[in-house]
Amino acid sequence: MPTKRTTKTDSPLPPELQAELKDAIKKAYKYLTLKPGCSAKKIQDAIFKAIEVVYRGKKKLKKQALEDLGTDLGCLWGQTLVDEFGWEWCMADLRGDVFVAVVSPNRAFATQPLGFIADQLQKRYPEDIDSLIAFNMIAAGKYSKGKAKDYHVFA
């Protein structure tokens with residue numbers, strides 16, 4: 001029997017998911033005590049520091065609080081890619097694996113910001129926290145070129 005060839009595509013976020021994303025971003029700004037419109041660098045530094053506090057065990061969070069924080073900070077982390085570099089929120093469908101993503105303008109690269117930041121919050125010494133370095137690599141142009149519609153997932 002021939003196998004069905006699936007493709008890599010994306011579609012817009014459903015309206016209810018867009019609303020949840022906006023709400024999570026507001027919560028993240030509040031948690032980080034930042035105001036909307038501050039620089040991407042300031043946001044990324046604050047996200048890193050918030051992860052570091054959990055990483056070093058200075059703040060104990062219950063499972064649900066940790067999940068909520070991962071969602072909120074992940075949404076803000078992804079939104080800075082949108083605001084700073086023109087990336088775009090979407091539902092990525094990479095050969096049947098569908099997830100909320102932020103993708104580069106030519107769709108060469110994709111990231112799963114919610115899962116990425118949730119993973120960062122689970123790390124413990126001696127693992128490295130990668131949220132700031134990933135953002136800085138994008139800022140430096142590491143993920144600006146690539147084959148269009150390749151959807152290489154990097155974080």
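Biologist: Before we dig in, what counts as a salt bridge here?
Modeller: A side-chain nitrogen of Lys or Arg within 4 Å of a carboxyl oxygen of Asp or Glu. Keep in mind that this is a predicted model.

Biologist: Okay, so which residue does Arg107 form a salt bridge with, with the closest N and O atoms 3.3 Å apart?
Modeller: That's Glu88. Arg107 sits in the loop between E3 and E4, while Glu88 is in strand E2, 19 residues apart.

Biologist: Is Glu88 buried or exposed?
Modeller: Glu88 is partly exposed, at a relative accessible area of 38%. Salt bridges with shared partners join Glu88, Arg107 and Asp10 into one network.

Biologist: And how do Arg107 and Asp10 meet?
Modeller: Their side chains make a salt bridge too, 2.7 Å from N to O. Asp10 is in strand E1 and Arg107 in the loop between E3 and E4, so this pair ties together parts 97 residues apart in sequence.

Biologist: How many salt bridges turn up in the whole structure?
Modeller: A full search finds 7.

Biologist: Switching topic: how many aromatic pairs are there?
Modeller: There are 5 in the whole structure. In one of them, Trp87 and Phe154 have ring centres 6.0 Å apart and planes at 85°.

Biologist: Why is that pair called edge-to-face?
Modeller: Because planes over 60 degrees apart count as edge-to-face, and these are at 85°.

Biologist: Is Trp87 buried or exposed?
Modeller: Buried, with a relative accessible area of 5%.

Biologist: Which residues form one aromatic cluster?
Modeller: Trp87, Phe109, Tyr143 and Phe154. Phe109 is buried as well, at 9% relative accessibility, and Tyr143 counts as buried at 13%.

Conventions: Residues numbered from 1 in each chain as written. Predicted model: local features only at pLDDT ≥ 70, side-chain atom pairs only at ≥ 80, totals over all residues. Heavy atoms only, no water. Phe/Tyr/Trp six-rings, centres within 6.5 Å; stacked < 30°, edge-to-face > 60°. Buried < 20%, exposed > 50% of the residue type's maximum accessible area, 1.4 Å probe, protein only. Helix = DSSP H or I, 4+ residues; strand = E, 2+ residues; numbered from the N terminus.
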